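Reader: I should like to examine this model by way of specific questions. Please reason through each answer before giving the value or name requested.

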Amino acid sequence: MRTAIVALAAFGASAAVADAATVGASLLTQQHPFYVELANAMKQEAQKDGLDLQISIANQDLNKQLADVEDFITKGVDVIIISPVDSQGVKSAVLRAKKAGIKVITVDVPANGAEVASHVGTDNFAGGQKAGELMAKELDDKGDVAVIDYPTVQSVVDRVNGFKDALKSHPNVKIVADQAGITRAEALSVAQNMLQANPNITGIFGFGDDAALAAVSAVKSANLSGKVKVIGFDGMKEARDAVDHDPEFVGVVRQYPDKMGEIAIDTAAKIIKGEDVPAKQPVVPGLYTKNGDQK
């Protein structure tokens, strides 16, 4: 009798798993703490919502991301969540999913040229504005500034545009260099080159934690400590610790990947239930300086 009960319970558990709605998630990378936090939050929320979450990692490779999304479509998942490697390049994958009747949610990075069910992400333009205002304040409203960029990702385009928009009110703070440096190694090389080509630079805005931390290293290696101030974006623990201890790193705009992950999964659950969801779900960024979290 006990054997039968155990078998029945096991069958029930298997049936529950089999009946669980499936969400496929293609994430840009797992080499950055931001995406580790995002993925962990998604896993925890999926468990709460009773969803079968399948995560693939694109490793910043658009072709892999397109293949992973195609695999989700073939498997017939109920919803697809994407953090695009390339905002423009992911368009074909979104359209393929739509043709297959699968709704898509973008998280962190939006897709360009293709309508999705919902986008969950930081208000990057507002975050860029915060970075620009902080830079102007730190430079006493005058100085030459460089930007380490990632122009194929729309969220970064938005934050850099926000940074530039804020500086319109500070005409004596001028952007003299803007170059792409996607990985920390690339950002280090770019920062070194910009500092060498523009010896009057007094501020660097890095599009993300890796770019900002690389800029700090470049400033130190160029013996410019105390002369160049760095501001970053993302605000993971390593960057916040650096702000606390590095004179050069004066502040970082904070994103909240855990909140984004929760909202993305909850949005997928609502879609599966047939509920309406907002087209855009912005998450307000914070700001971390040497005085801690700022409003």
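The exchange below begins with the whole chain and then turns to individual helices and residues.

Reader: How many helices and strands are there in the chain, and what does the C-alpha trace span along its principal axes?

Author: The model is predicted. Its chain holds 10 helices and 13 strands. Along the principal axes, the C-alpha trace spans about 80 × 40 × 30 Å.

Reader: What percentage of contacts between residues at least 6 apart in sequence join residues at least 24 apart?

Author: The chain has 295 residues, of which 51% count as buried. For contacts between residues at least 6 apart in sequence, the share joining residues at least 24 apart is 71%.

Reader: What distance does helix H8 reach from its first C-alpha to its last?

Author: Helix H8 covers residues 209–221, which gives it 13 residues. At 1.5 Å a residue, a span of 18 Å is expected. The helix is close to that expectation, reaching 18 Å.

Reader: Is H8 mostly covered or mostly uncovered, and how many of its residues are buried?

Author: The buried residues of H8 include Asp209 and Asp210 as well as Leu213, Val216 and Val219. H8 is mostly covered, and the number of buried residues is 10 of 13.

Reader: Which elements do the buried residues of H8 pack against?

Author: Two helices are among these partners, namely H7 (184–197) and H9 (237–245). The buried residues of H8 also pack against strands S6 (143–149), S8 (201–206), S9 (229–234) and S10 (249–254).

Reader: Is H7 roughly parallel or oblique to H8?

Author: The axes of H7 and H8 come within 8 Å and cross at roughly 45°. Angles under 35 degrees would count as roughly parallel, and 65 to 115 as roughly perpendicular. The crossing angle therefore makes the relation of H7 to H8 oblique.

Reader: Which handedness does the crossing of H7 and H8 have, and how many nonpolar residues does their contact have?

Author: The crossing of H7 and H8 is right-handed. Residues of H7 including Arg184, Leu188 and Leu195 meet residues of H8 including Asp210, Leu213 and Ser221. By class, this contact of H7 with H8 has 3 polar residues, 2 charged residues and, as the nonpolar count, 10.

Reader: How many charged residues does the contact of H2 with H10 have?

Author: Helix H2 (residues 33–49) packs on helix H10 (residues 257–272) at an angle of about 35°, with the axes 7 Å apart. This crossing is right-handed. Among the residues that meet are Glu37, Glu45 and Asp49 in H2, and Asp258, Glu262 and Asp266 in H10. By class, the contact of H2 with H10 has 9 nonpolar residues, 1 polar residue and, as the charged count, 6.

Reader: Is Asn223 buried or exposed?

Author: Asn223 follows H8 and lies in the loop between H8 and S9. Although Asn223 is not a glycine, its phi is positive, about 55°. Its relative accessible area is 65%, and because a value over 50% is required, Asn223 counts as exposed.

Reader: Is Asp108 buried or exposed?

Author: Asp108 is found in the loop between strand S4 (103–107) and strand S5 (118–122). Its phi is near 70°, a positive value in a residue other than glycine. The relative accessible area of Asp108 is 5%, and because the cut-off is under 20%, Asp108 is buried.

Reader: Which residues of H8 are in contact with Val230?

Author: Val230 lies in strand S9 and counts as buried, at 0% relative accessibility. Leaving aside neighbours within four places in sequence, its contacts include Ile204, Phe249 and Val250. Its contacts in H8 are Ala212, Ala215, Val216 and Val219.

Reader: What separation is there between the C-alpha atoms of Thr202 and Val230?

Author: Thr202 lies in strand S8 and is partly exposed, with a relative accessible area of 24%. Leaving aside neighbours within four places in sequence, Thr202 is in contact with residues including Leu139, Asp144 and Val228. Thr202 and Val230 are 28 residues apart along the chain, and their C-alpha atoms are separated by 8.7 Å.

Technical notes. Residues numbered from 1 in each chain as written. Predicted model: local features only at pLDDT ≥ 70, side-chain atom pairs only at ≥ 80, totals over all residues. Heavy atoms only, no water. Helix = DSSP H or I, 4+ residues; strand = E, 2+ residues; numbered from the N terminus. Expected span 1.5 Å × (residues − 1). Buried < 20%, exposed > 50% of the residue type's maximum accessible area, 1.4 Å probe, protein only. Contact = heavy atoms within 4.5 Å. Axes fitted to C-alpha atoms, helices over the stretch in contact; angles between N-to-C directions. Parallel < 35°, antiparallel > 145°, perpendicular 65-115°, else oblique. Left-handed = near helix turned anticlockwise from the far one by under 90°. Nonpolar A, V, L, I, M, F, W, Y, C, P; charged D, E, K, R; others polar.
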